[in-house]
Structures are given as structure tokens and as C-alpha cells.
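Let's take a friendly walk through this model together. Have the sequence and the 3D view ready as you read.

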Amino acid sequence: MIGFVAAIAVELSKGEDVFAQISNGGIPWFLLTTGVLSVASLIPLSNGVSVESKSKPFWSSDAEMLNGRFAMLGLVALALTEFVKGGALV
């Protein structure tokens, strides 16, 4: 979800498409963000806190999974649209 929002934000601010963002140093930022967020999400689990115990009606684990899937689809659709169009979406 963060990747989709970041890709759109950079595209709106700099006018770079997703492929240009990746080729201009996006891979190290992706790896760093993935590592930090993975460790941060594992810390509560190592303390014995379950996902289900912290789920609220609006912020449930099912809602997060659905939002994540929509974000993945959005990122793929953005990249595919830019590839077909031959440049940035905006």
C-alpha cells in the first residue's frame, strides 16, 4: 500500500513513471522500506500479541488484506498503463 502511494506521489511531483522511478534508485529504497516494515510488523508477534486480538471492526486483518490486494492491483495497473502509453500517467 505504501509502494502504491509512493509511486503515485513521485509521479505527480516529478512526472516520472514507475519504470523510471525503479531505474533511478528505487530498488534500494524498496528493499530498505520492505525490511523496516517487515521487522516492525514482527515485533508485536514476538511479544505474543496476535493480529486478531488487535483487530477492530474498521481496522480488521481482513480489511488490511483486501486493501493490500487492491494496492497491488493498482500498482500493476499503473505500471501496465504506463508501459502501454509509453510514459507517465499524468
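The report below covers the pocket, the surface patch and a few individual residues.

## The model and its largest pocket

Please keep in mind that this is a predicted model. A good place to begin is the largest pocket, which holds about 1,200 Å³ of space. Its lining is made up of 32 residues. If you would like to find the centre of this pocket on screen, look for Ile2, Gly3, Phe30, Thr33 and Thr34, the lining residues that lie nearest to it.

What is the chemical character of the lining of the largest pocket? The residues there divide into 19 nonpolar, 10 polar and three charged.

## Helices around the pocket

Four helices each supply at least two residues of the lining: H1 (2-14), H2 (18-46), H3 (51-54) and H4 (61-85). Which of them gives the most to the lining of the largest pocket? That is H2, with 16 residues.

## A nonpolar patch on the surface

Turning to the surface, you will find a nonpolar patch of about 540 Å². Ile2, Trp29, Leu32, Val36 and Leu37 make this patch. Here too H2 gives the most, with four residues. Ile2 also belongs to the pocket story, as one of the lining residues nearest the centre of the largest pocket.

Two members of the patch deserve a visit of their own. Trp29 is found in helix H2 and has a relative accessibility of 60%. Trp29 therefore counts as exposed, since the cut-off for that class is over 50%. Leu32 is also found in helix H2, but its relative accessible area is 49%. Leu32 is therefore classed as partly exposed, the class between under 20% and over 50%.

## More residues on H1 and H2

Helix H1 contains Val5 and Ser13. Is Val5 buried or exposed? Val5 counts as exposed, at 55% relative accessibility. Ser13 counts as exposed as well, with a value of 59%.

Back on helix H2, where Ile22 is found, the relative accessible area of this residue is 44%. Ile22 is therefore partly exposed.

## Distances across the chain

How do separations along the chain translate into space? Starting from helix H1, Val5 and Gly68 are 63 residues apart along the chain, and their C-alpha atoms are separated by 12 Å. For Ser13 and Leu66, 53 residues apart along the chain, the C-alpha separation is 28 Å.

From helix H2, two further pairs are handy for checking the view. Trp29 and Arg69 lie 40 residues apart along the chain, with 21 Å between their C-alpha atoms. Ile22 and Phe58 are 36 residues apart in sequence, and 33 Å separates them in space, C-alpha to C-alpha.

Terms used: Residues numbered from 1 in each chain as written. Predicted model: local features only at pLDDT ≥ 70, side-chain atom pairs only at ≥ 80, totals over all residues. Heavy atoms only, no water. 1 Å grid on protein atoms, 1.4 Å probe; cavity = no way out; pocket = protein on both sides within 12 Å on 5 of 7 lines; lining within 4 Å. Points joined across faces, edges and corners; volume = space filled by probe spheres on them. Nonpolar A, V, L, I, M, F, W, Y, C, P; charged D, E, K, R; others polar. Patch = residues over 30% accessible without salt bridge, like charges linked within 9 Å, V, L, I, M, F, W, Y side chains within 5 Å. Areas by Shrake-Rupley, 256 points an atom, 1.4 Å probe, with all protein chains shown as cover. Salt bridge = Lys/Arg side-chain N within 4 Å of Asp/Glu carboxyl O. Buried < 20%, exposed > 50% of the residue type's maximum accessible area, 1.4 Å probe, protein only.
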